[in-house]
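Work through the following exercises with the sequence and the model open beside you. Each one sets a task and then solves it step by step.

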Amino acid sequence: MKAPAVFFLSDFGADSVYLCACRALFIRISPNIPLIDITHSIPPYNITAASLILEDIAPYFPPHSVIVAVVDPTVGSNRRIIAVKNQTLTFIAPDNGLLSPFLDNATVFSVTNTSLFNQTVSSTFHARDIMVPVAAHIASGMPLKTVGAPITDAVRIAIPKPSIKKGKIKGEVISADRFGNLITNIKEENIIKAFKTNDLKKLSEEVRIYIGMNRIEKFFRCYADAPLAQPFGTIGSFGRLEISVREGSAQEALKAEPGTSVTLFSLRKQ
Amino acid sequence: MKAPAVFFLSDFGADSVYLCACRALFIRISPNIPLIDITHSIPPYNITAASLILEDIAPYFPPHSVIVAVVDPTVGSNRRIIAVKNQTLTFIAPDNGLLSPFLDNATVFSVTNTSLFNQTVSSTFHARDIMVPVAAHIASGMPLKTVGAPITDAVRIAIPKPSIKKGKIKGEVISADRFGNLITNIKEENIIKAFKTNDLKKLSEEVRIYIGMNRIEKFFRCYADAPLAQPFGTIGSFGRLEISVREGSAQEALKAEPGTSVTLFSLRKQ
Amino acid sequence: MKAPAVFFLSDFGADSVYLCACRALFIRISPNIPLIDITHSIPPYNITAASLILEDIAPYFPPHSVIVAVVDPTVGSNRRIIAVKNQTLTFIAPDNGLLSPFLDNATVFSVTNTSLFNQTVSSTFHARDIMVPVAAHIASGMPLKTVGAPITDAVRIAIPKPSIKKGKIKGEVISADRFGNLITNIKEENIIKAFKTNDLKKLSEEVRIYIGMNRIEKFFRCYADAPLAQPFGTIGSFGRLEISVREGSAQEALKAEPGTSVTLFSLRKQ
């Protein structure tokens, strides 16, 4: 079965000529399948950041899409390359934990079939020489088991999860977008669990956010509802708690960055 | 009728994962229509900058193209989303003035048909949840009136226009490109109106440019005709007066930026 | 014969609206041929940097691809535009030396057939008005000789080549990537010629690298083999000597940049 698209994430940087080398090999194998960029602005070597983005974006991919994700500081070592298939998607990535969010209930293969690789394989650029060509073959309908033998010991990394108690959540900032919105590892479902509501008006009354040393009093459902210049909490477009400033940058206003602690606690006696 | 392409502008930033979410939804609805980036580097929230760029680029789009343009600081409020159709193009954007240059003699609809939207609609990301899916449906041939009811009161913003008198034009810088060329809101037709010529040699003899506190003496038709290091005026590739420095940056040389005043006046007695 | 793809390089900057104007004209002529970005982050006006990147990436393009490469400081002057055809690829670029690496044994035409150009031709943007439309026509199967008359005097520039002696190579840094890897103009074949080996263990024993005032002791075949924080030499993914730091930036560690000298010499008596 042909894939509707292949999605491509890396830490190579937007507009890198490395991406063009990958695209040039891809089009030789799969000229009629679109190769769509997820982002290539992952901070260099940051496997966790890549995992978090993949987790957020994966639900939007059409069924039977193939995803190739390359943050690969140990390229050329004996680290494996894996193909991971769940109900609707197939992922190709280095076996360094990047695909941790997708390993449960998935079929995992070690990619070893050199006949699928580029004719020459460098020791520093396996996106071009192995992963993108293999993704192109899979997208074109090649059975997944062709890539190599199944494995059950794929590497997992611990994605930083918030601690959730009745009336209290401790989490952290995981990224900031171009608008300075601070995206956290606290999901809407975590808020419901800790505070029994996701109603933002109720949260404004009952819950406060500490981010670093700053206290935030209010939650709003969209930027236009908030006063200017005053940071507020909202449920962002991927279901995560975000700290925003209307037509401004929460990142600048709060001097926060990935890793900054974010604590929510209830004003009501627990 | 199918669109030859959908063109996409936003202030999300190049290589943003937000763009990928839009593309993923687009390809589900319109797998065979290209989705082409205009730019996503519009300064955050800057509706005017987006309007000016759309005005310049629109003449290059193939007839029957669809354009989706998202600079949307009031996303999630009661601001409308509109579809605007003129003779050759169809635009989708928030009803915040972004499409002002295209409203004259156009048919305008309020986009309200939720059956065209993403299954869940967030309050912070209507590009993904509404505008791109609707653009994809229109591009695939859906009659435009399907989107909602016609309206006649779309929001307009005042795009900064130059003041033109006999022998004098007052305008301003609207943007700078990567080369440091300063692009102004003064068009070739304005120059012809004020000075009765667009001949650059004649303009060099008769007209001077003040940009901020700097006086510019010469006009040249291309960079290679100009001396190095000396700012000059030219008619840029979108028919606007631009201030340039050959193999250098006028932006740096003149310390100018969007909003810096640009005045042209004739040396001849009026 | 139709091209499998057109590849596009420029110094316009990633996400520039200038690229969209080019794409819009391209799709009118060649709606079914992919237009793939090489990079648009060439330093402004830097013809040599563009040549070096084209030389590295060209072997990856599918046979019969068309390449349009625009770094064009003398746009609008009497500099020619050329089409260069070698065994497998066709290039379009300004005649300013950009295509120097591809001129040997190639057929070269001066592009003068105005019927292939945009209806109006500006004096500052020939990528949009001439080169991309001409590339689109060629990619669609138009015979190359249609573009204009053959010429034999295309402009060549001297690409900085390393000096190679027995036991010694003098070269330089030509670029840095997003990871801070320093890419040099010294190729694997140069190393074999000077030191009779490309075995990195042997090179570690017998050869030292000076980059600026820094001495580098070791060569490794991949980043994971190297100790952290210690710069080392490797053969990069395009067959060039690169100086890297494992999970760090050699560019920052060594304060090197394009033009910084890189000397290799043998510890053995010659």
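Copies of a chain are superposed here by least squares on the C-alpha atoms of residues with pLDDT of at least 70 in both. This is a predicted model, in which local features need pLDDT of at least 70 and side-chain atom pairs count only at pLDDT 80 or more, while totals for chains, interfaces and linings use all residues. Residues are numbered from 1 along each chain as its sequence is written, chains are lettered from A and ligands numbered from 1 in the order in which they are written, and side-chain values use heavy atoms, with hydrogens and water left out.

**Exercise 1. Find the rotation that relates chain C to chain A, and the rotation that relates chain A to chain B.**

Step 1. Two copies of a chain are related by a rotation about an axis and a shift along it. For chain C and chain A, the superposition is reached by a rotation of 120 degrees with 0.0 Å of shift along the axis, and the RMSD is 0.0 Å.

Step 2. In chain C, the residue whose C-alpha lies nearest that axis is Ala14(C), at 4.5 Å. Of the contact residues of chain C, 6% recur in chain A, and the copies thus use different surfaces.

Step 3. Chain A is laid on chain B by a turn of 120 degrees and a shift of 0.0 Å along the axis, with an RMSD of 0.0 Å. This is the relation of a three-fold axis. Within chain A, the C-alpha that comes closest to the rotation axis belongs to Ala14(A), at 4.5 Å.

Step 4. Only 6% of the interface residues of chain A are also interface residues in chain B, so the copies meet through different surfaces.

**Exercise 2. Describe the interface of chain C and chain A: how many residues are in contact, and what is the area buried?**

Step 1. Taking contact to mean heavy atoms within 4.5 Å, 34 residues of chain C touch 31 residues of chain A.

Step 2. Buried area is the accessible area (1.4 Å probe) that two parts lose on being put together, summed over both. Between chain C and chain A this comes to about 2600 Å², with carbon and sulfur atoms giving 62%. Tyr60(C), Arg178(C) and Phe179(C) supply 29% of the area that chain C buries against chain A, more than any other three residues.

Step 3. A salt bridge requires a side-chain nitrogen of Lys or Arg within 4 Å of a carboxyl oxygen of Asp or Glu, and by this rule there are zero salt bridges across the interface of chain C and chain A. A polar contact is a pair of N or O atoms within 3.5 Å, where within protein one must be able to donate a hydrogen and the other to accept it, and residues adjacent in sequence count only if both atoms are side-chain atoms. Between chain C and chain A, 16 residue pairs are in polar contact (both at pLDDT 80 or more).

Step 4. Helices (H or I, at least four residues) and strands (E, at least two) are DSSP runs, numbered from the N terminus. The elements that give two or more residues to the side of chain C touching chain A are strand E2 (35-39), helix H2 (47-57) and strand E13 (232-235) of chain C; E2(C) gives the most, with four residues.

**Exercise 3. Which residues of chain A lose the most area to chain B?**

Step 1. The area buried between chain A and chain B is about 2600 Å². In chain A, Tyr60(A), Arg178(A) and Phe179(A) lose the most area to chain B, together 28% of what that side buries.

Step 2. Across this interface of chain A and chain B the count is zero salt bridges, whereas 16 residue pairs are in polar contact (both at pLDDT 80 or more).

**Exercise 4. Locate the two domains of chain A and describe how they meet.**

Step 1. The bounds, which come from an automatic or database domain assignment, are 6-151 for domain 1 and 163-266 for domain 2 of chain A. The C-alpha centres of these two domains of chain A lie 33 Å apart, and the contact takes five residues from each of domain 1 and domain 2.

Step 2. About 450 Å² is buried between domain 1 and domain 2 of chain A, of which carbon and sulfur atoms give 52%. In domain 1 of chain A, Leu52(A), Asp56(A) and Tyr60(A) lose the most area to domain 2, together 79% of what that side buries.

Step 3. Two salt bridges are found across the interface of domain 1 and domain 2 of chain A. Glu55(A) forms a salt bridge with Lys187(A), with the closest N and O atoms 3.3 Å apart.
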